[in-house]
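Open the model in your viewer and keep the selection panel at hand. The stops below say what to select next and what is there.

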Amino acid sequence: MEYIRLEDVWKTYRTKNVTATPLRGLNMNVDKGELVVVLGPSGEGKTTLLRIIAGLLRQDKGHVYLRGELVDDMPPKDRRVAMVFQSYAIYPFMNVYDNIAFPLRLAHRPKDEIDREVRRVAEMLRISDILQKKPSELSGGQKQRVAIAKALVKGADILLMDEPMANLDAQVRVFAREELKQLHRQLGTTIVYVTHDQVEALSLATKLAVLHDGVIQDFGDPMEVYRRPKNAWVASFVGNPPMNLFDGVVSGNYIVAKKGKLRVPVPEEYRKLVKEGQEVIFGFRPEDIRVGEGELSGTVSMVERVGAYTVIHLDMGDGQLLRVVYPSLSTVNRGDRVSFSVPAEAVSLYDPSTGNNLEQR
Ligand code: ADP
Ligand code: MG
């Protein structure tokens, strides 16, 4: 069931010196119970989008529907939407109980109702045993639960999360992500989570939405978006390292790069979609390249050891650089010659004029 619907949403900010139009006819549908991650670069309108859903900001044009109902004129307090902000906005001087009770006290609810509500969400989020603790005594995962409890205490069933893990350190973040996934499965709450972090997006999302140029560029199962990006921009953005993309021309069963010495086979599913001499953008993921075998070769121009793997750049001539994910234990140095091949099934093709994937899913 469609729970959140954004229809042709536009938003422009005008200040004395600058105008910015982060949202330009954005459409998005979120089904009940999904954890949709909106992934996009900083400054592209992610926070704006959440504020519009929450009703904290009014769109210039277009409509917002929640639970099937048009809510353009509905004030935030009636939308049953809660927002979880960066670093969770938990008050350090209040214990967990008071933190969760705070929104209800602000709303002047009776004391016994407040107590009942706090204990209900605490139970739901399995934090009943830490209600007397101070935030400084909590683990990262517990803080997240408290922030969500605080958000849900007023009866919201839509949760908006604005880069909540941005200030957590890397190790804590891994656990916080796992926790959030479990919580989501357990609570079934509809969540829209925005981030610019690739790993967060791919690991959390039940549906991934990619925001750029004010519209959702791609939407779907995260692995689908990863394997078959809808357009070349999405291909160039999703994944770390992202896809290799080059301008090429179809020549027989191959696509030959316009510059440098790269050529790759035309994948089966694209055979009928291209013709001899057609210009295309072709792409393939750095981890799909088979190194140490094949007729292609390049010169190593950069070695970046990430840990679990190594990213190398191969110079293919004419200034064309190829990103390759390389096994972390192998020795490789700048200046080495590396041979490789690109399997046909790894290749995707895009129309150079529209940027769209030639094969639309
Ligand atoms: P994100 O959350 O993706 O980083 P934002 O939604 O915060 O992006 O901002 C999108 C764009 O709108 C940015 O260019 C930002 O500078 C501009 N912007 C956001 N809020 C305001 C505001 N209150 N006044 C003017 N410009 C704003
Ligand atoms: Mg933001």
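## Two crossing helices

Helix 4 passes helix 5 in a right-handed crossing. This is a predicted model, and the tour begins at that crossing. Select residues 140-152 for helix 4 and residues 170-187 for helix 5. Their axes come within 8 Å and cross at roughly 40°. Helix 4 and helix 5 are therefore oblique to each other.

Next, show the side chains where the two helices meet. On helix 4, pick Gly140, Gly141, Gln144 and Ile148. On helix 5, pick Val172, Phe175, Ala176, Glu179, Leu180 and Leu183. Coloured by class, the residues of this contact divide into six nonpolar, three polar and one charged.

## A second partner for helix 4

Keep helix 4 selected and add helix 2, residues 96-106. The axes of helix 2 and helix 4 come within 7 Å and cross at roughly 30°. That angle makes helix 2 roughly parallel to helix 4. Helix 2 passes helix 4 in a right-handed crossing.

Which residues make this contact? From helix 2, Val96, Asn99, Ile100 and Pro103 meet Val146, Ala149 and Lys150 of helix 4. By class, the contact residues are five nonpolar, one polar and one charged.

## The six-stranded sheet

Stay with helix 4 and bring in the strands it lies across: strand 6 and strand 7, the latter at 158-162. Helix 4 runs at about 155° to strand 6.

Now select the open sheet of six strands, whose order is 6-7-8-3-9-10. Its pairing is mixed. Strands of a sheet pair through backbone hydrogen bonds, either parallel or antiparallel. Where are the edges of this sheet? Look at strand 6 (81-84) and strand 10 (215-220), each of which pairs on one side only. On average, neighbouring strands here are turned by 20° against each other, direction ignored.

For one pairing in detail, select strand 3 (residues 35-39) and strand 8 (residues 190-195). These strands pair in the parallel sense over five bridges. Centre the view on Val37 to find its bridge partner in strand 8, Tyr193.

## Two backbone details

Most residues other than glycine have a negative phi, and most peptide bonds are trans. The next two stops depart from that pattern.

Go to Arg67, in the loop between strand 4 (61-66) and strand 5 (69-70). Arg67 has a positive phi of about 50° although it is not a glycine.

Then go to Asn240 and Pro241, which are joined by a cis peptide bond with omega about 0°. Pro241 is in the loop between helix 8 (232-237) and strand 11 (244-251).

## Strand 11 and its partners

From that loop, continue into strand 11 and add strand 14, residues 279-284. Six bridges join the two strands, which run antiparallel. Asn244 stands opposite Phe284 in strand 14.

Next add strand 12, residues 254-257. Four bridges join strand 11 to strand 12, and these strands also run antiparallel. Here Val250 stands opposite Ile255. The hairpin of strand 11 and strand 12 has two residues between the strands. Select Gly252 in this hairpin: its phi is positive, near 65°.

## The four-stranded sheet

Select the open sheet with the strand order 17-16-15-18. Its four strands have antiparallel pairing. The edge strands are strand 17 (321-327) and strand 18 (337-341), each pairing on one side only. Neighbouring strands in this sheet are turned by 50° against each other on average, direction ignored.

Inside it, highlight strand 15 (residues 290-305) and strand 16 (residues 309-315). Six bridges join this antiparallel pair. Met302 has His313 of strand 16 as its bridge partner.

## Stepping back to the domains

Finally, zoom out and colour the chain by domain. How is the protein chain divided? Domain 1 covers 2-236 and domain 2 covers 245-350. Their centres, taken over C-alpha atoms, are separated by 38 Å. Five residues of domain 1 are in contact with five residues of domain 2. The side of domain 1 that touches domain 2 has two nonpolar, two polar and one charged residues.

Key
Residues are numbered from 1 along each chain as its sequence is written. Chains are lettered from A and ligands numbered from 1 in the order in which they are written. This is a predicted model: local features need pLDDT of at least 70, side-chain atom pairs count only at pLDDT 80 or more; totals for chains, interfaces and linings use all residues. Domain bounds come from an automatic or database domain assignment. Two residues are in contact if their C-beta atoms, placed from the backbone, lie within 7 Å. Ala, Val, Leu, Ile, Met, Phe, Trp, Tyr, Cys and Pro count as nonpolar, Asp, Glu, Lys and Arg as charged, and the others, Gly among them, as polar. Two strands pair if DSSP finds at least two bridges between them. Axes are lines fitted to C-alpha atoms, for helices over the stretch in contact, and angles run from 0 to 180 degrees between N-to-C directions. Angles under 35 degrees count as roughly parallel, over 145 as roughly antiparallel, 65 to 115 as roughly perpendicular and the rest as oblique. A crossing is left-handed if the near helix is turned anticlockwise from the far one by less than a right angle, and right-handed if clockwise.
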